[in-house]
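What follows is a guided reading of one protein model, moving from its overall layout to its core, its charged pairs and its backbone geometry. Please keep the sequence and the coordinates in view while reading.

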Amino acid sequence: MNEVSMTYTGIMKKGDEKIVRVRFTRNGDKDFAECVVPGGKIESSKGFSQKELASLRFYLKANEDEIYKKAKEITGFRGYFR
């Protein structure tokens, strides 16, 4: 897999569930995978093989706690300006 960048949102609410939206990109934005934590569900993708998508899902599930921790920092920072 070429160099992949990951960005994510702060914690958001979807019904009663707290989620974080995660986006993986490479080759600029030519290849992408849009995902949701918890669960590592891939909502849409372009340019990644099925094997690569499976690796991304594994990464999301294995690092779910860390992703929430980092997303919480964004959420707290965003709340500071309200």
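A convenient place to enter this predicted model is leucine 53, which touches Ala33, Ile42, Ser45 and Phe48 when residues up to four places away in sequence are left out of the count. Leucine 53 is found in helix α1, and its relative accessibility of 4% places it among the buried residues, because buried means under 20%. For a sense of distance, the C-alpha atom of leucine 53 is separated by 17 Å from that of tyrosine 8, a residue 45 places away along the chain.

Stepping back to the whole chain, the protein contains two helices and five strands, and from the N terminus on these elements follow the order β-β-β-β-β-α-α. Taken along the principal axes, the box filled by the C-alpha atoms is roughly 40 × 25 × 20 Å. Of the 82 residues, 28% are buried, and the protein exposes about 5700 Å², of which carbon and sulfur atoms supply 51%. If one considers contacts between residues at least 6 apart in sequence, 33% of them join residues at least 24 apart.

The interior can be considered next. In soluble globular proteins, nonpolar side chains tend to be buried together. Here the largest nonpolar core has 14 residues, and those with the most contacts inside it are Val22, Phe24, Ala33, Cys35 and Leu60. At least two residues of this core come from each of β3 (17-26), β4 (31-37), α1 (50-62) and α2 (64-80). Cysteine 35 can be followed outward from this core: with residues up to four places away in sequence left out, cysteine 35 touches Val20, Arg21, Val22, Phe24, Lys41, Ile42, Glu43 and Leu60.

Two of the residues touched by cysteine 35, Arg21 and Glu43, lead on to the charged pairs. How many salt bridges does the structure hold? There are four salt bridges in the structure, and in one of them the side chains of arginine 21 and glutamate 43 meet at 2.6 Å, N to O. Because arginine 21 lies in strand β3 and glutamate 43 in strand β5 (residues 41-46), this pair ties together parts that are 22 residues apart in sequence. Both partners are partly exposed, arginine 21 at 29% relative accessibility and glutamate 43 with a relative accessible area of 37%.

A further salt bridge joins the side chains of glutamate 34 and arginine 23, at 2.3 Å from N to O. Glutamate 34 belongs to strand β4 and arginine 23 to strand β3, so the pair ties together parts that are eleven residues apart in sequence. Glutamate 34, with a relative accessible area of 31%, is partly exposed, and arginine 23 is likewise partly exposed, with 24%.

The next pair involves arginine 26, whose place is in strand β3. Are the two partners of this salt bridge, arginine 26 and aspartate 31, buried or exposed? Their side chains meet at 2.9 Å, N to O, and both are buried, arginine 26 at 7% relative accessibility and aspartate 31 with a relative accessible area of 9%. Salt bridges with shared partners join Arg26, Asp31 and Glu52 into one network. The side chain of arginine 26 also reaches the backbone oxygen of glycine 47, at 2.8 Å.

Two details of the backbone complete the reading. Most residues other than glycine have a negative phi, and most peptide bonds are trans. Asparagine 27, in the loop between β3 and β4, has a phi near 55°, a positive value in a residue other than glycine; at 45% relative accessibility, asparagine 27 counts as partly exposed. In the loop between β4 and β5 lies proline 38, and the peptide bond that joins valine 37 and proline 38 is cis, with omega about 15°.

Key: Residues are numbered from 1 along each chain as its sequence is written. This is a predicted model: local features need pLDDT of at least 70, side-chain atom pairs count only at pLDDT 80 or more; totals for chains, interfaces and linings use all residues. Side-chain values use heavy atoms; hydrogens and water are left out. A nonpolar core is a set of buried Ala, Val, Leu, Ile, Met, Phe, Trp, Tyr and Cys residues joined through side-chain atoms within 4.5 Å. Buried means under 20% relative accessible area, exposed over 50%, partly exposed in between (1.4 Å probe, protein chains only). Helices (H or I, at least four residues) and strands (E, at least two) are DSSP runs, numbered from the N terminus. Contact means heavy atoms within 4.5 Å. A polar contact is a pair of N or O atoms within 3.5 Å; within protein, one must be able to donate a hydrogen and the other to accept it, and residues adjacent in sequence count only if both atoms are side-chain atoms. Accessible areas come from the Shrake-Rupley method with a 1.4 Å probe; for residues, only the protein chains shown count as cover.
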